[in-house]
Amino acid sequence: MRTSPLRLLRRPLTAALAAAGTVAALLVSGFIATPTSAAEAGCRVDYTVNQWAGGYTAQVKVTNLGPAVSGWRLTWSYTAGQRVTSAWNATVTQTGASVVAANVDWNGSLATGGSAEFGVQGTWGSANPAPADFALNGAVCGGTGTTPPPTTPPPSSPPPSTPPPSSPPPTTPPPSTGCGSALVCSGFEDQTGTTPSGAWQFAAPDCQGSGTATIDTSVAHSGGRSLRIDGRAGYCNHAFVASTANLSSVGPVMYVRMWVRHTTALPAAHVTFVSMPDSSQGGRALRVGGQNGALQWNRETDDATLPAQSPAGVAQSRPLPTGSWQCLRFAIDTTAPKLDTWLGGEQIPGLHADGVPTPDIDQQWLARTTPPRPTALRLGWESYGTGDDTLWFDDVAVGSSPIGC
C-alpha cells in the first residue's frame, strides 16, 4: 500500500490496540400474549445488536402479522439517549427519543407473514437497552428485551454472523451468490500451470522482492484451484496477481466479492492484500489491508485510512480470521466518496463511509471529495514493516450488481 521508495511516506508503527467489541444478539418477541385486534394487526420484530464501547449496529427484521400493506413505517423509542447516525435498506429519521424507519422503493410491500430487513448504526452513552415499543403503521408489536453490557476485550475470532445489509446507496435488493453478469468471475479453474497466466498476470506495482504468486491445487474454497501468495515483510516486496479485465465501465456502484484465507494475524504495521489502480488518483491505488490488527481501507494519494487509526476507530473494524476461508465483500460508489464492506454476513461499521462524517471513522476519508474510479483488481501482499503472510484467494467476482457469498 505504498508508492515507489522516492515517494514513500512512512508512518510510525502504531501499537496494537485493545479494541472494545462484543456482539449481543437479542430477540424482541413481537407476539402479544393475549389475542387482541392490535396483535392480529401487529407485527413481530427481531432486533439483533452488535455493539462496542460507545457505538452499535442493529439489524432489524419486521414481520407483518396483519393484512398485506404496500408501504410500511416502523416506529420505536430509545430510552437511554441512543442516537441513529446512519441506516441501510430503510429511510430512518430520529426526533428526540423517537425513531421512524420507512420502507425504500423495493421493500415496501409486505404480505401477511411477510418480512423486511434493514439496519441502523448509532451511538450510545451509559447504556444501550433494546427498544420495547415497536409499532408497524401504528399497530403495536408487543414484547420486551434487554441488551447485555459491552465487554472491553477484543474478540479473538469474528463475531457471530448477522444477515448482511444490502449495498450502500443506491439501495438494491439482497445480492445473489452467483457471479451473474459480473465482468470478473473466476475460481482460477482456467489456470493450467503453477504460474498465473491468461486472465491473471503477476505484477509488482512499484518494486519486487522475494514474494511469490502461484496457482495452488492443494488448497481451494471451491473447485480444485486457488491463487496463493507468499507475502514477505519489508518495503519493495510487492507481489500481486492482476486481473487483465478493464474495470473502468463497472458501476455506478462497483461490487467486489472474494474468498480469502491466510495464516498470520494482521500485524500492527500497515499491510495491503487488495490493490486497485484508481484513475481518480492518477493511477495510484485504492487499497484494502490492515493496521493495528484490524482490516482497513487506505488511499495512496493522501494516505487516508478508513477507519481512523485511533483506539475508538480501530475498535469499529474487525480482524481477518486466520486458518479458514472468509468471504470479503466491497461496494464502491464511483459517483460519490462512499463505500461499504462486509466480512461474512456482517457489515463492518468502521469500514462504512456514507458521505456523512462519523467521529473516529471517516472524517479523514471524506476530506477528499473526488469519487473513486477503480480500473483494475490486484490480489497479493505489500508490507511496510513486519509481516510475512501466506494468503489464498478464490471465487473472485467484480460487477455492477450486488454479489453475495
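Visitor: Before we start, what do you mean by a nonpolar core?

Guide: It's a set of buried Ala, Val, Leu, Ile, Met, Phe, Trp, Tyr and Cys residues joined through side-chain atoms within 4.5 Å. In this predicted model, the largest one has 44 residues.

Visitor: Which residues have the most contacts inside it?

Guide: Phe273, Trp297 and Leu379.

Visitor: Take leucine 379, then. What does it touch, leaving out residues up to four places away in sequence?

Guide: The aromatic ones are Phe188, Trp200, Phe240, Phe273 and Phe393. Leucine 379 also touches Leu227, Ile229, Ala239, Val241, Met258, Val274 and Val396.

Visitor: And what lies apart from that core?

Guide: Another core, of 26 residues, with Ala58, Leu74, Val84 and Val120 among them. As background, nonpolar side chains tend to be buried together in soluble globular proteins.

Visitor: Ok, zooming out. How many helices and strands are there?

Guide: Two helices and 25 strands. The protein has 405 residues, and 54% of them are buried.

Visitor: What about the surface, how much is accessible?

Guide: About 15,300 Å², with 56% of that belonging to carbon and sulfur atoms.

Visitor: Back to the strands. In what order do the seven strands of the open sheet run?

Guide: β12-β15-β24-β17-β18-β19-β20, with antiparallel pairing. The edges are β12, residues 200-203, and β20, residues 305-306, each of which pairs on one side only.

Visitor: How many bridges hold β12 and β15 together?

Guide: Four, in the antiparallel sense, and β15 covers residues 239-243. One example is alanine 203, whose bridge partner in β15 is phenylalanine 240.

Visitor: Now β22. Is that strand enclosed or open?

Guide: Largely enclosed by the rest of the structure, because five of its five residues, 339-343, are buried. Leu339, Thr341 and Leu343 are on one side, Asp340 and Trp342 are on the other, and both faces are covered.

Visitor: What does β22 pair with on the β21 side, and over how many bridges?

Guide: β21 and β22 pair in the antiparallel sense over five bridges. A hairpin of five residues joins the two, and leucine 328 stands opposite leucine 343.

Visitor: And how does β22 pair with β23?

Guide: Antiparallel again, over two bridges, with β23 at residues 346-347. Tryptophan 342 stands opposite glutamine 347 there. The two strands form a hairpin with two residues between them, and glycine 344 in the turn has a positive phi of about 60°.

Visitor: Switching to loops: where does glutamine 316 sit?

Guide: In the loop between α2, residues 311-314, and β21, residues 326-333.

Visitor: Is glutamine 316 buried or exposed?

Guide: Buried: its relative accessible area is 9%, and the cut-off for buried is under 20%. A polar atom of its side chain lies 3.1 Å from the backbone oxygen of alanine 312.

Visitor: Which residues further along the chain is glutamine 316 in contact with?

Guide: Leaving aside neighbours within four places in sequence, its contacts are Trp52, Gln121, Ile348, Pro349, Gly350, Pro359, Asp360 and Ile361.

Visitor: Last one, glycine 193. Where is that?

Guide: In the loop between β11, residues 184-186, and β12. Glycine 193 is partly exposed, at a relative accessible area of 35%. Its C-alpha is 6.9 Å from that of isoleucine 215, which is 22 residues apart along the chain.

Methods
Residues are numbered from 1 along each chain as its sequence is written. This is a predicted model: local features need pLDDT of at least 70, side-chain atom pairs count only at pLDDT 80 or more; totals for chains, interfaces and linings use all residues. Side-chain values use heavy atoms; hydrogens and water are left out. Two strands pair if DSSP finds at least two bridges between them. Buried means under 20% relative accessible area, exposed over 50%, partly exposed in between (1.4 Å probe, protein chains only). A polar contact is a pair of N or O atoms within 3.5 Å; within protein, one must be able to donate a hydrogen and the other to accept it, and residues adjacent in sequence count only if both atoms are side-chain atoms. Contact means heavy atoms within 4.5 Å. Accessible areas come from the Shrake-Rupley method with a 1.4 Å probe; for residues, only the protein chains shown count as cover.
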